[in-house]
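Let's sit down with a two-chain model and work out how to read it, one feature at a time.

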Amino acid sequence: MTHYSIFSLLRNAMGYHQDWQQAWRSPDPKPEYDVLVIGGGGHGLATAYYLAKEHGITNVAVIEKGWLGGGNTGRNTTIIRSNYLWDESAHLYEKSLQLYEGMSQDLNYNIMLSQRGVLNLAHSLGDVRDTKRRVYANKLNGIDSEYIGPEEIRELVPIINLDPNIRYPVLGSSLQRRGGTARHDAVAWGLARAADARGVDIIQNCEVTGFDIQNGQVKGVHTTRGDIKAKKVGVVVAGHCSVLSEMAGFRMPIESHPLQAMVSDPVKPIIDVVVMSGAVHCYVSQSDKGELVMGAGIDAHTSYSQRGSMHIVEDQIAAVCELFPLFSRMRLMRQWGGIVDTCPDASPIISKTPVDGLYFNCGWGTGGFKATPGSGWVFAHTIACNEPHPLNAPFALDRFVNGNLIDEHGAAGVAH
Amino acid sequence: MFLIPCPWCGEREESEFSYGHEAHIVRPEDPEKLSDAEWANYLFMRTNPKGPHLERWVHTAGCRRWFNVARNTHTNEILAVYLMGEKPPKNLAKEPVKGAKS
């Protein structure tokens, strides 16, 4: 693997940039692997990377039915934060944020992490109290978090509408200064390149059509490119996890919904933090290209169609225009949908399953991007050691049987 | 956005309706005898298929009545509409229904 640096850039500039190596190979699948990871999004690639890096397991393949990072990894609004209410979530997302902070150096790939600060607005007395409670809970967990009033919000976001007479006035906000955004494609590509360099095979255009399960033990998978044997299989397929669990013979507490996002025309820098509101449901940041990146809520109905309904976009835009009236004359440039796997308690499942050697990492719902490295890190541990890391032990599938749910609806609002 | 044929009001926009999730989940007759795993299965586990899905909708901004819909979750095509208490149609690979019973 060529080490990326200012010197490699200069050297390649001399050769008119004709000699750059491929970032990763495209090998044919081998007949057998120690670990197969199904799903070549950020979480799957992170799982393979940390299996190789932390556990020395390099006979690993990531199989992806489409192209790398082409699902929700390429469709999200790239927001990163760790200010969750409950201890279990806070520790997991904080681990992820810490991994993000060292990721560009670790992967030798610029993921363009921008810790510009994330605001979660409060619009009512109840909101204010919940927000303060969450801020205090974050502080007790050692996570940077602060509560700010309208005057400080005005300093950070001069264009926000602080009129007390709007339908949902802005009364205050939490602020996590270490939160921000990262370049989503770079996260996928950087992880793929680093995993490949450690010997992981990344196999695209290879769809799983079934599992080979004998006596309750997984032996391999059937794919559109032939059968592949594997000692262990990790499934990280977001919206399609119910489809794969059905192939394996059990059900998941998951429903798949469309989630939409959109970008505006590119404009000059106008907002340099991330603003989120769970109550009126919108989240806005500005990309390096100048587009406003905005996310909507999920459609109520389940769907695998990767497109949502227009009235959801209308609701989202109405909320944005009330908070930022000057955006009302901008135009949307693109709008798209992805399929998210929502869990009843809005927390993920990173777990062993009823089948030995088969592991599932799913249920991230609307907020998986921020967890990418942490999710891969704990899932790699779960697969390598055949038992969860203390960080993801609370996120086991059996919590739906024993009742230890991690109800993050209230903490995260609806926006993730 | 797709159109849903309400059995009473005819074809209307999806935004007039509210979603009632998976249909035909029967509340256990003798709840006290259920194990934790059986409760989890009733409360949380869902089929969530990619393809034909039996689900409930209510025409919130119309007649406010509930009914069942068979919808292909991959294409959002409505395959059948049938009343509460009715059994789902057997062959769901048929042509999608246009319009509704008057």
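What follows is a short back-and-forth about contacts, rings and charges.

Q: Before we start, what am I looking at, and how are things numbered?

A: This is a predicted model, where local features need pLDDT of at least 70, side-chain atom pairs count only at pLDDT 80 or more, and totals for chains, interfaces and linings use all residues. Residues are numbered from 1 along each chain as its sequence is written, chains are lettered from A and ligands numbered from 1 in the order in which they are written, and side-chain values use heavy atoms, with hydrogens and water left out.

Q: How do I read the meeting of chain A and chain B, and how many residues of each are in contact?

A: Start with contact, which means heavy atoms within 4.5 Å. Here, 27 residues of chain A touch 26 residues of chain B. Then look at buried area, the accessible area (1.4 Å probe) that two parts lose on being put together, summed over both. Between chain A and chain B that comes to about 2,200 Å², with carbon and sulfur atoms giving 52%. On the chain A side, Arg251(A), His301(A) and Tyr304(A) lose the most area to chain B, together 29% of what that side buries.

Q: What about polar contacts and salt bridges between chain A and chain B?

A: A polar contact is a pair of N or O atoms within 3.5 Å; within protein, one must be able to donate a hydrogen and the other to accept it, and residues adjacent in sequence count only if both atoms are side-chain atoms. A salt bridge is a side-chain nitrogen of Lys or Arg within 4 Å of a carboxyl oxygen of Asp or Glu. Between chain A and chain B you get 17 residue pairs in polar contact, both residues at pLDDT 80 or more, and zero salt bridges.

Q: Which elements give two or more residues to the side of chain A that touches chain B?

A: Helices (H or I, at least four residues) and strands (E, at least two) are DSSP runs, numbered from the N terminus. In chain A, the elements giving two or more residues to that side are helix H8 (241-248), strand S12 (255-266), H9 and helix H11 (399-402). S12(A) supplies the largest share, three residues.

Q: Can you walk me through one residue, say Ser305(A): where does it lie?

A: Ser305(A) is in the loop between strand S15 (291-298) and helix H9 (310-323) of chain A. For exposure, buried means under 20% relative accessible area, exposed over 50%, and partly exposed in between (1.4 Å probe, protein chains only). Ser305(A) counts as buried because its relative accessibility is 10%. Its side chain has a polar contact of 2.9 Å with the side chain of Ser303(A) and another, at 3.5 Å, with the side chain of Asn76(B). Setting aside neighbours within four places in sequence, Ser305(A) is in contact with Ile339(A), Thr73(B), His74(B) and Asn76(B).

Q: How do I read a pair of aromatic rings?

A: You describe such a pair by the distance of the centres and the angle of the planes. Rings of Phe, Tyr and Trp (its six-membered ring) pair if their centres lie within 6.5 Å; planes under 30 degrees apart count as stacked, over 60 as edge-to-face and the rest as tilted. The whole structure has 14 aromatic pairs over all chains. One of them, Tyr93(A) with Trp364(A), is edge-to-face, at 6.0 Å centre to centre and 85 degrees between the planes. Tyr93(A) lies in helix H3 (residues 87-101) and Trp364(A) in the loop between strand S18 (358-362) and helix H10 (372-385) of chain A, so the pair ties together parts 271 residues apart in sequence. Tyr93(A) is buried at 2% relative accessible area, and Trp364(A) is buried at 8%. Tyr100(A) and Phe369(A) make a tilted pair: 5.9 Å centre to centre, 40 degrees between the planes. In chain B, ring pairs link Phe2(B), Phe17(B), Tyr19(B), Trp57(B) and Phe67(B) into a cluster.

Q: And how many salt bridges are there over all chains?

A: The count is 20 over all chains. Arg25(A) forms one with Asp201(A), the closest N and O atoms being 3.1 Å apart. Arg25(A) is partly exposed at 35%, whereas Asp201(A) is buried at 6%. There is also a network of salt bridges linking Glu94(A), Glu101(A), Asp144(A) and Arg178(A).
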